[in-house]
Structures are given as C-alpha cells and as structure tokens.
Amino acid sequence: MYKIYKGEIKLKRLFNAILIGISYVIPGVCSSTTANSLGEYQNILEVTGNFYRLNVLKKHLILILGILIGGLLSVICLSLIVNNYICIILSIFLGLNIALFKFNYVNVNSIIFTLLGIIVVVVLT
C-alpha cells in the first residue's frame, strides 16, 4: 500500500499553485476553473477572504508562494516569447481573427475590421 508523506502533499500543493499562477497570467485560460479542477479553489477563497489573518496566511503559505512563482515564471516566459517571436505571434492572432470571421454573416463592418487588422499586422512586421 502506498503511503503519502507530508512532504509529498506539500510538493503537490506547490505544483498545483504554480499551475494556478501560470493560468492567472495566460490570456484565455480561466484560473478559477484551473484552481477548481486542482482542488485548491476553496483554499484560494479562504486566503482572499481572510488575508489579514496571520494564521490563515501561515496555513496557505505554500499556495501563496506557488501562485507567485507561477505568475512570475509565466510573465518572464511570455515576455521572452513576445520579444523574440513577435512576427509569429502577430501571425497567430491574425490567423485566429480570420478563423473567427464568419462567412455566413458577412457585412461591411466585419470586412473593414478584418482588412484593418491585416494592415496593422503587415505594418508592424
């Protein structure tokens, strides 16, 4: 039978908190859903509701540190990616905008804004 030790639980909570911190920064990813699926949502609510209480902060210190570490790591990684691969990122966003362009409901505004988006990407690259 597998026995769970305290250190393994703390490491798992730290890893979950880092994932939640990453999901806070990445656009389009819901951090609440990530926290809920990892089982940390109630703990985050407890920390935010009782942030001024020292015993609550001590209880959830690993969660707070993990979220901060994950947020900082994702900000650093995203800034490196954006700074080094701006043309690729602009092309991805342009591709996503074109993919969202519904040909069933073509009107003048959607054509104008799509063309303006293409022009902005071409000018920036």
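Helices here are DSSP runs of H or I with at least four residues, and strands are runs of E with at least two, both numbered from the N terminus. The model is predicted.

**Exercise 1. Establish the order of elements along the chain.**

Step 1. Count the elements: the protein has seven helices and zero strands.
Step 2. Read them along the sequence. The pattern is α-α-α-α-α-α-α.
Step 3. Add the burial. Of the 125 residues in the protein, 22% are buried.
Step 4. Add the contacts. Take those between residues at least 6 apart in sequence; 50% of them join residues at least 24 apart.

**Exercise 2. Find the residues of the largest nonpolar core and the elements that supply them.**

Step 1. List the members. The core has seven residues: Ala17, Ile20, Ala35, Ile44, Val47, Leu63 and Ile67.
Step 2. Assign them to elements. Helix 1 (6-25), helix 3 (41-49) and helix 5 (61-84) each give two or more residues.
Step 3. Look around one member. Set aside the neighbours of Ile44 within four places in sequence; Ile44 then contacts Ile20, Tyr24, Ala35, Leu63 and Ile67.
Step 4. Recall the general tendency. In soluble globular proteins, nonpolar side chains tend to be buried together.

**Exercise 3. Describe helix 5.**

Step 1. Take its length. Helix 5 has 24 residues and spans 35 Å from first C-alpha to last.
Step 2. Compare with expectation. At 1.5 Å a residue, 34 Å is expected, and the span of helix 5 is close to that.
Step 3. Pick out its buried residues. They are Leu63, Gly66, Ile67, Gly70, Gly71 and Ser74.

**Exercise 4. Decide how helix 3 and helix 5 are oriented, and what fills their contact.**

Step 1. Choose the descriptors. Two packed helices are described by the angle between their axes and the distance between the axes.
Step 2. Read the values. Helix 3 and helix 5 pack at about 95 degrees, with axes 10 Å apart.
Step 3. Apply the cut-off. Angles of 65 to 115 degrees count as roughly perpendicular, so helix 3 and helix 5 are roughly perpendicular to each other.
Step 4. Name the residues. Asn43, Ile44 and Val47 of helix 3 meet Leu63, Ile64 and Ile67 of helix 5.
Step 5. Sort them by class. The contact has five nonpolar residues, one polar and no charged.

**Exercise 5. Classify Phe15 as buried or exposed, then locate it relative to Ile62.**

Step 1. Place the residue. Phe15 lies in helix 1.
Step 2. Apply the cut-off. Exposed means over 50% relative accessible area. Phe15 has 52% relative accessibility, so Phe15 counts as exposed.
Step 3. Compare sequence with space. Phe15 and Ile62 are 47 residues apart in sequence, and their C-alpha atoms are 9.5 Å apart.

Definitions and conventions
Residues numbered from 1 in each chain as written. Predicted model: local features only at pLDDT ≥ 70, side-chain atom pairs only at ≥ 80, totals over all residues. Heavy atoms only, no water. Core = buried A, V, L, I, M, F, W, Y, C linked by side-chain atoms within 4.5 Å. Buried < 20%, exposed > 50% of the residue type's maximum accessible area, 1.4 Å probe, protein only. Contact = heavy atoms within 4.5 Å. Expected span 1.5 Å × (residues − 1). Axes fitted to C-alpha atoms, helices over the stretch in contact; angles between N-to-C directions. Parallel < 35°, antiparallel > 145°, perpendicular 65-115°, else oblique. Nonpolar A, V, L, I, M, F, W, Y, C, P; charged D, E, K, R; others polar.
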